[in-house]
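Please look over the model shown below before reading my points. They are written for someone meeting such a structure early in their studies.

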Amino acid sequence: MQIEQLIIQTLNAKNRVQIPGWGAFYLVEKEARWDAVTNTAFPRGKYVAFNPARSSSENTLLPNVMRTLGGSMEVAESWIRRKVNQWQTTLDSGSVLMLTGLGSFRKNGMFQPERENQFDPNSFGFTAVMMHLSKGRQHITNFVILKFWN
């Protein structure tokens, strides 16, 4: 199983997950919003964020990895450490680290979450929509759609 799937499972269950030696992914609730630069409407929901400074023994990925691998804490710690070292090697080489379903990291440590992925079951599966505003009826339709999300 990929580590990204384990992180997403833990996020869904606990709203945050600590990756030993890396940082914490957590969910942030956001209201519906409009990005005027990209002409994109984003639905209300929970979106993933990352904090490299979080260090806590709560909500770690370890129990989920132990259960999945059927191994001890030492085996799980070793597996996670190997994954984190692979991530760091990717960043050190100047490449972008892509974590499927979560987002990407740049060499400078900047995290960019996936725009389409959000974790709120009450969002009814709405995803971000890019719109091109125009005059007339189309403009009114776009306005109504945005009001619906707010």
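The points below take up a helix pair, the nonpolar core and one buried residue.

1. This is a predicted model, in which local features need pLDDT of at least 70 and side-chain atom pairs count only at pLDDT 80 or more, while totals for chains, interfaces and linings use all residues. Residues are numbered from 1 along each chain as its sequence is written, and side-chain values use heavy atoms, with hydrogens and water left out.

2. The axes of helix H2 (residues 62–69) and helix H3 (residues 73–92) come within 9 Å and cross at roughly 105°, so H2 is roughly perpendicular to H3 (a word used for angles of 65 to 115 degrees). Axes here are lines fitted to C-alpha atoms, over the stretch in contact for helices, with angles from 0 to 180 degrees between N-to-C directions; helices are DSSP runs (H or I) of at least four residues, and strands (E) of at least two.

3. Contact means heavy atoms within 4.5 Å; on the H2 side it is made by Leu 62, Val 65, Met 66 and Leu 69, and on the H3 side by residues including Trp 79 and Ile 80.

4. The largest nonpolar core (buried nonpolar residues joined through side-chain atoms within 4.5 Å) has 25 residues, and among those with the most contacts inside it are Trp 22, Phe 25 and Trp 87. The largest share of this core, six residues, comes from H3.

5. Asn 64, found in helix H2, is buried, with a relative accessible area of 9% (buried means under 20%), and it touches Leu 6, Gln 9 and Thr 10, not counting residues up to four places away in sequence.

Notes:
Angles under 35 degrees count as roughly parallel, over 145 as roughly antiparallel, 65 to 115 as roughly perpendicular and the rest as oblique. Buried means under 20% relative accessible area, exposed over 50%, partly exposed in between (1.4 Å probe, protein chains only).
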